[in-house]
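User: I have a model open and want to learn how to read its features. Can we go through it step by step?

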Amino acid sequence: DPDGAIKTLRAVLQTLQTKNPHDPHRIHALTALATAYEIKKDYKSAAACYRALLKDSTQEINVQIKMRYVLALIANGDTTEAGKLLKEIDPGTNERILEAHQLLSFYLAIRNKQEDLLGGNFSLSDEKTKVGSGSFFFMLASLIGDAYFNDGNFEKALDAYRLAFFYTKRDREGMDAMSRILFVFDSLKETDKAAALALKHFAFFMEPNTSTELKCKVALLLIKSGGNGAKALELFRRIFQESPREEKTFRNAFAYLLHQKRFTEASKLTDLFYDVKKRPETLGKALLCHANIADRAGRKREAAELYVRAAEKNEKDYEKHMTRAITLYVNLRDHDQVIEKTSELLKRAPRSRTIFFRAESREIKKDLPGARQDYLTHAALEQVPVSGKSVSFFRAGAIAFKSEDFRAAAGDFRNALDLGIKNKKDKICVAVAPEAGYWLVSSHLAFNDTSGAGAAADLLAKHFSG
């Protein structure tokens, strides 16, 4: 909490009121106060602290304070004063001080819009040549990145933020650097440009220290850009090795690939995430993803077989997956499989509406008693809408009439007619009812029930004469 620290440190300094300018307690308190102001991004107040420290510090720490003072001045926009002070600093041969001096010169030139005067003596991206580390270097590289970012130079901003991450020695600073890199990619609206930038820094994103959140964002970016699927999968492999439970990222990428009909990549991604050899408990989910891929790709038989296997591994969603498999077998007109799989499903889910599909297949396969019973069972299910009940009663009646069981046919056709009378707003019920009424009359006549036939005819005329 920088505000709390500032309040405490200012109280400490007021309490000290020492006449000794070199009192180490005062110097430490002022240094800590300057750092607190920097964290709060109040560089004007930080500069005031360093100005006071310069008057009181020993020659040994004078150069370090001057450099921090210069940084605060540049960040606050006092570039003229910063430039004068920077010229007074002799970096000598100390590599860390020399590197800090170069970075400060770099930052000053950027803020003064004079970057072209720097020449090629210093590169942000050449991390292997850097010797600096710690909060000062991290803050300086971050501010350079911010300057580039504010100018819309996202490529160089990313170079600087990467350097800031390289310099950091604290988890908080590392997270700060990662969040800045994330913000760069969030700000890049053109996917192809963002992907090109990501590919330039690809090795960095593959490193273990790079955050999972950033890896995921870049991997999804590469998936969505054209022609970078192989690199994306390479990064996904690393992500899933380090974070096997990163399911949200997998789901987002999988859904995108499926929508784009990139089925081969979707299959590879599935195998990367659900590593069934190492995690056999994920087999059910893997099978379901492969079933979805085959289904979207139009490979119906393969999809149906995979849904069945997925159902067997997912007790909770058994009915859902088996129903999809049965629907595909219906589309394939594989009536033997429809009958077999529906029979398996009904053992576990006796109220499944897929019994209608088995009824149709049994009727086609000439198993008329079985088909009629299935139609009637379907019509009796509470969750079946009146339109479905109407069709099932009619088909049951047609089978009974064909089998010359005219009394049973009359009962079925009457049920279909009654549904039409009671549900005039249901288009299917109303469409089925007149034909059901006609066959109801025919059924009564077939077993010489003329009064029943007349009553049915009157009922039909009353409600459906138009």
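User: Let's start with one helix. What covers the buried residues of α20?

Analyst: Note at the outset that this is a predicted model. The cover of the buried residues of α20 includes α19 (335-348), α21 (368-380) and α22 (386-402). The helix itself runs over residues 355-364. Its buried residues are I355, F356, R358, A359, S361 and R362.

User: How should I read the spacing of those buried positions?

Analyst: An α-helix has 3.6 residues a turn, so residues three or four places apart point the same way. In α20, compare I355, R358, A359 and R362, which are among the buried residues. Then look just past the helix end: K366, just after α20, takes a positive phi of about 70 degrees.

User: Where else is a positive phi found in a residue that is not a glycine?

Analyst: K41 is one of them, with a positive phi of about 65 degrees. It sits in the loop between α2 and α3. N448 is another non-glycine case, at about 60 degrees. N448 belongs to the loop between α24 (427-446) and α25 (450-464).

User: Is K41 buried or exposed? And N448, buried or exposed?

Analyst: The cut-offs decide it: buried is under 20% relative accessible area, exposed is over 50%, and partly exposed lies in between. K41 has 49%, so it counts as partly exposed. N448 has 69%, so it is exposed.

User: Now a helix with much of its surface hidden. How many residues of α8 are buried?

Analyst: 11 of its 14 residues are buried, so α8 is mostly covered. They are F154, A157, L158, D159, A160, Y161, R162, L163, A164, F165 and Y167. D159 and R162 are on that list too. For its length, α8 (residues 154-167) reaches 20 Å from its first C-alpha to its last. That is close to the 20 Å expected at 1.5 Å a residue.

User: Which residues have the most contacts inside the largest nonpolar core?

Analyst: Start from the general idea. In soluble globular proteins, nonpolar side chains tend to be buried together. Here, the largest nonpolar core has 101 residues. I144, F185 and F236 have the most contacts inside it. Helix α7 (residues 135-150) gives the largest share of this core, 11 residues. Apart from it lies another core, of 32 residues, including A359, A379, F394 and L459. A359 also appears among the buried residues of α20.

User: What does F236 touch, leaving out residues up to four places away in sequence?

Analyst: F236 touches A219, L220, I223, T249, A253, L269 and L272. Follow T249 next. It lies in helix α14 (residues 247-259). Its relative accessibility is 6%, so T249 counts as buried. With residues up to four places away again left out, T249 touches C216, L220 and F236.

User: How far apart are T249 and A219 in sequence and in space?

Analyst: They are 30 residues apart in sequence and 9.0 Å apart in space, C-alpha to C-alpha. D295 offers a second pair. D295 and L328 are 33 residues apart along the chain, and their C-alpha atoms are separated by 8.7 Å. D295 touches L328, along with A303, Y307 and R324, not counting residues up to four places away in sequence.

User: Why does D295 count as buried?

Analyst: Judge by accessibility, not by residue type. D295, in helix α16 (residues 283-296), counts as buried because its relative accessibility is 17%, and the cut-off is under 20%. K341, in helix α19, counts as buried because its value is 10%. Leaving aside neighbours within four places in sequence, K341 is in contact with V308, M322, I326 and Y329.

User: Last feature. Which residues are closest to the centre of the largest pocket?

Analyst: Q64, I65, R68, R96 and F136 are the closest, out of 20 lining residues. The volume of this pocket is about 420 Å³. Two or more lining residues come from each of α2 (24-39), α3 (43-56), α4 (59-75), α6 (95-111) and α7. The largest share, six residues, comes from α4.

User: How many residues of that lining are nonpolar, polar and charged?

Analyst: The lining divides into 11 nonpolar, seven polar and two charged residues.

Note on methods
Residues are numbered from 1 along each chain as its sequence is written. This is a predicted model: local features need pLDDT of at least 70, side-chain atom pairs count only at pLDDT 80 or more; totals for chains, interfaces and linings use all residues. Side-chain values use heavy atoms; hydrogens and water are left out. Helices (H or I, at least four residues) and strands (E, at least two) are DSSP runs, numbered from the N terminus. The expected span of a helix is 1.5 Å times one less than its number of residues. Buried means under 20% relative accessible area, exposed over 50%, partly exposed in between (1.4 Å probe, protein chains only). A nonpolar core is a set of buried Ala, Val, Leu, Ile, Met, Phe, Trp, Tyr and Cys residues joined through side-chain atoms within 4.5 Å. Contact means heavy atoms within 4.5 Å. On a 1 Å grid over the protein atoms alone, a cavity is a set of points where a 1.4 Å probe fits but cannot get out, and a pocket is an open set with protein on both sides within 12 Å along at least five of seven lines; lining residues have an atom within 4 Å of a point. Grid points are joined across faces, edges and corners, and a volume is the space filled by probe spheres set on the points. Ala, Val, Leu, Ile, Met, Phe, Trp, Tyr, Cys and Pro count as nonpolar, Asp, Glu, Lys and Arg as charged, and the others, Gly among them, as polar.
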